[in-house]
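Got your viewer open? Load the model, switch on the cartoon view, and follow along stop by stop.

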Amino acid sequence: MAGFVKLNRDLLDWAWADDIVTFGVYAKFLLLAAWKDTEYHGVKLERGELLTNQSEIAQQSGLSRQQVRTVLDRLKATNKITIKREGKNSIVKVIDYACETDGNHIDNRTSTTCQPDCNQTSLLSKEDKEVKEPKNARAREGERLEKSFDQFWAAYPKKTAKQQALKVFQKLNPDEALLNTILNSLEQQKHSVQWTKDGGQYIPYPATWLNGRRWEDESEVQNEKISANSRPKTKSESDWLRGFNGQ
């Protein structure tokens, strides 16, 4: 199996080019694929195809079966390979094989032979960029939401049923303004009579609090202050004496 494999620089724009595991498995496929139509273990293989299975890939690459499945899904999703069942094995076809390996074999195929595949690679690279950008945006949004929830969870005094609270929080998906409102209201309610009496046993579960939009409740602390200010002031002894003396 003498020869070499040329890698197109467009691969650097591939969505999984920065993932060493995925890239490594793809490179392994390029090296192991048939460089001409052949027959292997009684199975006819076309150029760019190899006969393998997940256990064999895992053994050759040092990955787990789950990692292998993940890598294969990534390669299929980005149109790098197709997989067809063949008995207990599978035929993996490297779609861009002609372009990636032009010049590696003795039949001296011309560059025009692989041109369609090269053009396809360029188109796919453009599509990969378009796919990757939304993925990055979703990742940033996920990180923002995770940090927001961590702030809420750190502030909430009753650490119970965290996963349920997380699901409700994700559904709510508060922006920065709403998060500040939630945290400010929470800080006030933490000092209310209901939340402080009997060791805090009347504090609602965080998921219940979020579901009920309890940050919109009027604060008991504020009500207590309003109630105290609205009560008539009791006259002091000096006030009574001044009234008695006609002052």
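We'll start with a sheet and the helix on it, then visit some charged pairs.

A bit of housekeeping before you click: this is a predicted model, so local features need pLDDT of at least 70 and side-chain atom pairs count only at pLDDT 80 or more, while totals for chains, interfaces and linings use all residues. Residues are numbered from 1 along each chain as its sequence is written, and side-chain values use heavy atoms, with hydrogens and water left out.

**Stop 1: the sheet**

Select residues 49-52 and 81-86, which are strands E3 and E4, then add residues 89-94, strand E5. Helices (H or I, at least four residues) and strands (E, at least two) are DSSP runs, numbered from the N terminus. What order do the 3 strands take in this open sheet? Reading across, you get E3-E5-E4, with antiparallel pairing. Two strands count as paired if DSSP finds at least two bridges between them. E3 and E4 are the edge strands, each pairing on one side only. Ignoring direction, neighbouring strands here are turned by 25° against each other on average. (Axes are lines fitted to C-alpha atoms, for helices over the stretch in contact, and angles run from 0 to 180 degrees between N-to-C directions.)

Now zoom in on E3 and E5, which are joined over 4 bridges. For one bridge, pick Thr52: its partner in E5 is Ser90.

**Stop 2: the helix on the sheet**

Add residues 20-32, helix H1. H1 packs on the sheet and touches E3, E4 and E5 (contact means heavy atoms within 4.5 Å). Compare directions: H1 makes about 90° with E5.

**Stop 3: charged pairs**

Side chains of opposite charge can pair when their charged atoms come close. How many salt bridges does the structure hold? There are 6, each being a side-chain nitrogen of Lys or Arg within 4 Å of a carboxyl oxygen of Asp or Glu.

Show the side chains of Lys76 and Asp73, which meet in a salt bridge at 3.9 Å, N to O. Both sit in helix H3 (residues 65-77), and because they are 3 residues apart, about one helical turn separates them. Lys76 is partly exposed, at 39% relative accessible area (buried is under 20%, exposed over 50%, partly exposed in between, with a 1.4 Å probe and protein chains only). Asp73 is partly exposed too, at 45%.

Next, select Arg214 and Asp217: the closest N and O atoms of this salt bridge are 2.5 Å apart. Arg214 is partly exposed at 26%, and Asp217 is partly exposed at 33%.
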